[in-house]
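Trainee: Could you walk me through reading a model like this one?
Mentor: Sure, let's have it on screen first.

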Amino acid sequence: MEIKIELSKNLKAKPQDESKLGFGKLFTDHMFLMNYDEGEGWHNPRIVPYGPIELDPAAMCLHYGQEVFEGMKAYKTPNGDIQLFRPDKNMARLNSSNERLCIPEIDEEFAVKAIKKLVEVDKDWVPSREGTSLYIRPFIFAVDAMLGVHAAKHLLFVVILSPVGAYYPQGLNPVSIYVEDKYVRAVRGGTGYTKTAGNYASSLKAQQEAEKKNYSQVLWLDGVEHKYIEEVGAMNVFFVIDGEVITPSLDGATLPGITRMSSIEILRSWGIKVTERLLSIEEVAKASDEGRLDEMFGTGTAAVISPVGELRWNDKVMKINNGEIGELSQRLYDTLTGIQCGKVEDTFGWTTSINE
Ligand SMILES: *Cc1c(COP(=O)(O)O)cnc(C)c1O
């Protein structure tokens, strides 16, 4: 399939101060669109000026949430090249989400090609200040104008781009996390392992209540027993206990993060023991009481590595590493972000230039 390109005639002013970009507030000049219609399959891939999309008020995505998305980034390297980090994994996960949400499969290789083309068209929007990047948001939603509850026959695949700032402009500051034991994010057999809109809608309430108590995010427990740890906000979570790295195994309710996968591979390449298993909040509290909880951190594309300095579970407050970033968290952050922006040699072969 050939991608048609219609260039914008009204280019927007680019942000002057890359220290004030924030996250997901500005969008570039172009977007990628592709339609799916039953009988025709995915067709009409095109890059067009960024702008509003017209939808029928009965469009199914607005009523029943048949939608999936991805989150990835493009980075400017010191020699001015622009590269992506494991985009094949994002597109494979998008298809895994598609399968669960009854959305037709996309051609993963073609989707990576389309994303590279879009980034190339808007390459002047990729910021270069340390810690900044171009956030890429691919998403697919149902557009059938129909109120019956069934899988859509007409969908739209869209990719938009947003220049984003350093997640921690003041350096890596450990966050405070509230253990949520009333609301749940996902259950086994549900859609927890997919990036679908509904998961995030249902997480807002807990997030709001945690913020009221001055915690930046919640730690989600499993939906059945409220006992086993799943994730932190929209990040996977790791604990360092007695020098061993432990992260919850992927049980179907947890999102299989690409930063999680990459962190495990890097840690193992350093000869550090990483275990994926069921981990209860009691076990973490006990390790904390006994002084064996060395570090805790979240992993995700937005923050990459987010150290946790305080964990609150009901009335119990656990301080981790005196509220400071741990040695391993810092080393992992430096290595991962170094590979992503081309400052550390990519011995894993994870990065790919948009011109490749
Ligand atoms: C996207 C996401 C993650 C992190 O995945 P990455 O591929 O590392 O960005 C973790 N948990 C949830 C709920 C997410 O949506």
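Mentor: We'll go through the helices, the cysteines, the ligand, a few loops and some backbone angles.

Trainee: What should I keep in mind about the model and its numbering?
Mentor: This is a predicted model, so local features need pLDDT of at least 70 and side-chain atom pairs count only at pLDDT 80 or more, while totals for chains, interfaces and linings use all residues. Residues are numbered from 1 along each chain as its sequence is written, and side-chain values use heavy atoms, with hydrogens and water left out.

Trainee: How far does helix H8 reach from its first C-alpha to its last?
Mentor: Helices (H or I, at least four residues) and strands (E, at least two) are DSSP runs, numbered from the N terminus. The expected span of a helix is 1.5 Å times one less than its number of residues. H8, residues 327–340, has 14 residues and reaches 20 Å, close to the 20 Å expected. Helix H2 (residues 87–100) also has 14 residues, and it reaches 20 Å, close to the expected 20 Å.

Trainee: Which residues of H8 are buried?
Mentor: Buried means under 20% relative accessible area, exposed over 50%, and partly exposed in between (1.4 Å probe, protein chains only). In H8 the buried set is Leu328, Ser329, Leu332, Thr335, Leu336, Thr337, Gly338, Ile339 and Gln340. Tyrosine 333 is in H8 too, but at 23% relative accessibility tyrosine 333 counts as partly exposed. Its C-alpha is 8.5 Å from that of serine 306, 27 residues away in sequence. For H2, the buried residues include Pro87, Met91, Arg93 and Leu94.

Trainee: And which residues of helix H7 are buried?
Mentor: In H7, residues 281–289, they are Ile281, Val284, Ala285, Ala287 and Ser288. These buried residues lie on the same side of H7 because they cover an arc of only 160° around the axis. The arc is that of the directions from the helix axis to the C-beta atoms.

Trainee: How many disulfides does the structure hold?
Mentor: A disulfide is a covalent bond between the sulfur atoms of two cysteines. The working criterion is a pair of cysteine sulfur atoms within 2.5 Å. This structure holds 0 disulfides. Take cysteine 61: the nearest cysteine sulfur, that of cysteine 102, is 16 Å away. Cysteine 61 is buried, with a relative accessible area of 15%, and cysteine 341 is buried as well, at 18%.

Trainee: Now the ligand. Which residues come nearest?
Mentor: A residue is near a molecule if one of its heavy atoms lies within 4 Å of it. There are 14 residues around the ligand, and Lys195, Tyr200, Glu231, Thr259 and Thr301 come nearest.

Trainee: What about polar contacts?
Mentor: A polar contact is a pair of N or O atoms within 3.5 Å; within protein, one must be able to donate a hydrogen and the other to accept it, and residues adjacent in sequence count only if both atoms are side-chain atoms. A ligand oxygen is 2.8 Å from a side-chain N or O atom of arginine 93. On the backbone side, an N or O atom of alanine 234 lies 3.5 Å from a ligand nitrogen. For threonine 301, a side-chain N or O atom is 2.6 Å from an oxygen atom of the ligand. The protein covers 95% of the 380 Å² of accessible area that the ligand has on its own, by the Shrake-Rupley method with a 1.4 Å probe; for residues, only the protein chains shown count as cover.

Trainee: What comes after H8?
Mentor: Just after H8, glycine 342 takes a positive phi of about 80°. Glutamate 345 sits in the loop between H8 and S18 and counts as exposed, at 65% relative accessibility. Threonine 351 belongs to strand S18 (residues 351–353) and is buried, at 18%. The side chains of threonine 351 and aspartate 346 share a polar contact of 2.7 Å.

Trainee: Why look at the sign of phi?
Mentor: Most residues other than glycine have a negative phi. Asparagine 214 is not a glycine, yet its phi is positive, about 70°. Asparagine 214 lies in the loop between helix H5 (204–212) and strand S10 (217–221), and is exposed, at 69% relative accessible area. Aspartate 242 has a positive phi near 55°, in the loop between strand S12 (236–241) and strand S13 (244–248). Cysteine 102, just after H2, takes a positive phi of about 60°.
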